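Q: Here is a structure that I would like to get to know better. Please pick one spot, take a close look at it with me, and then work outward from there in one connected account.

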Amino acid sequence: MSGTLVVGVSGSPSDPSRTSTLVGATVQRLAAELPDADAVTVEIGPLLADLGAAAGREQMSAATQAALAAVEAADVLVVGSPAFRAAYSGAFKLFFDWVGQYDLVDTPVLLTATGGSDRHALLVEHQMRPLFGFFQSTTLPLAVFGNERDFTKRAGGYDISSVDLELRIDQAVHRALPIIRGGFVAAGIEDVRRPADF
């Protein structure tokens, strides 16, 4: 695999954000394991006015269109959201409402989330995994959840301060790598049929 595009998406409307810190760290860890990888992280917060007001993508700013295009072109996605009312954020959903329905087919997606306590950890399983099932993406086996205790606030942002969270990121990345490297061609699936083909 060469020239791998690893794209992170942080669904937090806040800046600074624990979610953005987690997504960024996971993207960098994953990109470091892939040859010639390019890493890009999309922050949804600054795009919200565009995403909520535009009637079509052609009416959005160049920055918003570029963010959507980067996600659709990704070889691997790392997505993250803070837990809001036991679900992903409205900002996260609004962004993915604009992503092409068939542009993420078979794209490997590593799921991450943050919350105030561990009781929100199942967000990735009962909310995020089904969303990417709709896109026919390949959600990777292990998700990563971080709670408030895993981060330390500093001027201008957050740092991951938990060894346990660092280990969870490492484990998720290493479990993902064989799937990303092998891809579906190795399994004998060389193309994907869309509904229009039937």
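A: Happy to! Let us start at L123, which is in contact with S81, P82, A83, A86, A87, Y88, A113 and M128, leaving aside its neighbours within four places in sequence. Please keep in mind that this is a predicted model. L123 belongs to helix α5, which covers residues 123-134. Is the residue buried or exposed? L123 has a relative accessible area of 1%, and because the cut-off for buried is under 20%, L123 counts as buried. There is also a distance to note here: the C-alpha atoms of L123 and T112 are 9.2 Å apart in space, with their positions 11 residues apart in sequence.

Two of the contacts of L123, S81 and A113, lead us straight into a pair of strands. S81 has A113 as its bridge partner in β4. The strands concerned, β3 and β4, pair in the parallel sense over 6 bridges. β3 itself is mostly covered, with 7 of its 7 residues buried. In a regular strand, side chains alternate between the two faces of the sheet. For β3, that puts V76, V78, G80 and P82 on one side and L77, V79 and S81 on the other, and both faces are covered. So S81 and P82, both of them contacts of L123, lie on opposite sides of β3.

Next comes the loop between β3 (76-82) and α4 (90-97), where R85 is found. R85 has a positive phi near 55°, although R85 is a residue other than glycine. With a relative accessible area of 82%, R85 is exposed. A second positive phi in a residue other than glycine is that of D106, near 70°. D106 sits in the loop between α4 and β4 (108-115), and its relative accessible area of 23% makes D106 partly exposed.

From β3 we can step across to β1. These strands run parallel and are joined by 5 bridges, and V7 stands opposite L77 in β3. How many of the residues of β1 are buried? The count is 6 of the 6, so β1 is largely enclosed by the rest of the structure. L5, V7 and V9 point one way from β1, while V6, G8 and S10 point the other way. β1 also runs parallel to strand β2 (residues 38-43), and 6 bridges join these two strands.

S10 deserves a pause of its own. This residue lies in strand β1, which spans residues 5-10, and S10 stands opposite E43 in β2. The relative accessible area of S10 is 0%, so S10 is buried. Setting aside its neighbours within four places in sequence, S10 is in contact with S17, T19, S20, V23, V42, E43, I44 and G80. One of those contacts, G80, brings us back to β3, where G80 is buried.

Just along the chain is the loop between β1 and α1, home to P16. Here D15 and P16 are joined by a cis peptide bond, with omega about 5°.

Then there is helix α1 itself (residues 18-31), whose axis comes within 10 Å of the axis of helix α6 (residues 163-182), the two crossing at roughly 45°. That angle makes α1 oblique to α6. The crossing of α1 and α6 is right-handed. On the α1 side, the contact is made by L22, A25, T26, R29 and L30, and on the α6 side by L165, E166, I169, D170, V173, L177 and I180. By type, the residues of this contact divide into 8 nonpolar, 1 polar and 3 charged.

Two more places round off the tour. T64, in helix α3 (residues 62-73), is buried at 1% relative accessibility. Not counting residues up to four places away in sequence, T64 touches L47, D50 and L51. The C-alpha atoms of T64 and F95 are separated by 9.5 Å, with the two residues 31 apart along the chain. Finally, strand β7 (residues 151-154) and strand β8 (residues 157-160) pair in the antiparallel sense over 4 bridges, with F151 standing opposite I160 in β8. The hairpin of β7 and β8 has 2 residues between the strands, and G156 in this hairpin takes a positive phi near 85°.

Definitions and conventions:
Residues are numbered from 1 along each chain as its sequence is written. This is a predicted model: local features need pLDDT of at least 70, side-chain atom pairs count only at pLDDT 80 or more; totals for chains, interfaces and linings use all residues. Side-chain values use heavy atoms; hydrogens and water are left out. Buried means under 20% relative accessible area, exposed over 50%, partly exposed in between (1.4 Å probe, protein chains only). Contact means heavy atoms within 4.5 Å. Two strands pair if DSSP finds at least two bridges between them. Axes are lines fitted to C-alpha atoms, for helices over the stretch in contact, and angles run from 0 to 180 degrees between N-to-C directions. Angles under 35 degrees count as roughly parallel, over 145 as roughly antiparallel, 65 to 115 as roughly perpendicular and the rest as oblique. A crossing is left-handed if the near helix is turned anticlockwise from the far one by less than a right angle, and right-handed if clockwise. Ala, Val, Leu, Ile, Met, Phe, Trp, Tyr, Cys and Pro count as nonpolar, Asp, Glu, Lys and Arg as charged, and the others, Gly among them, as polar.
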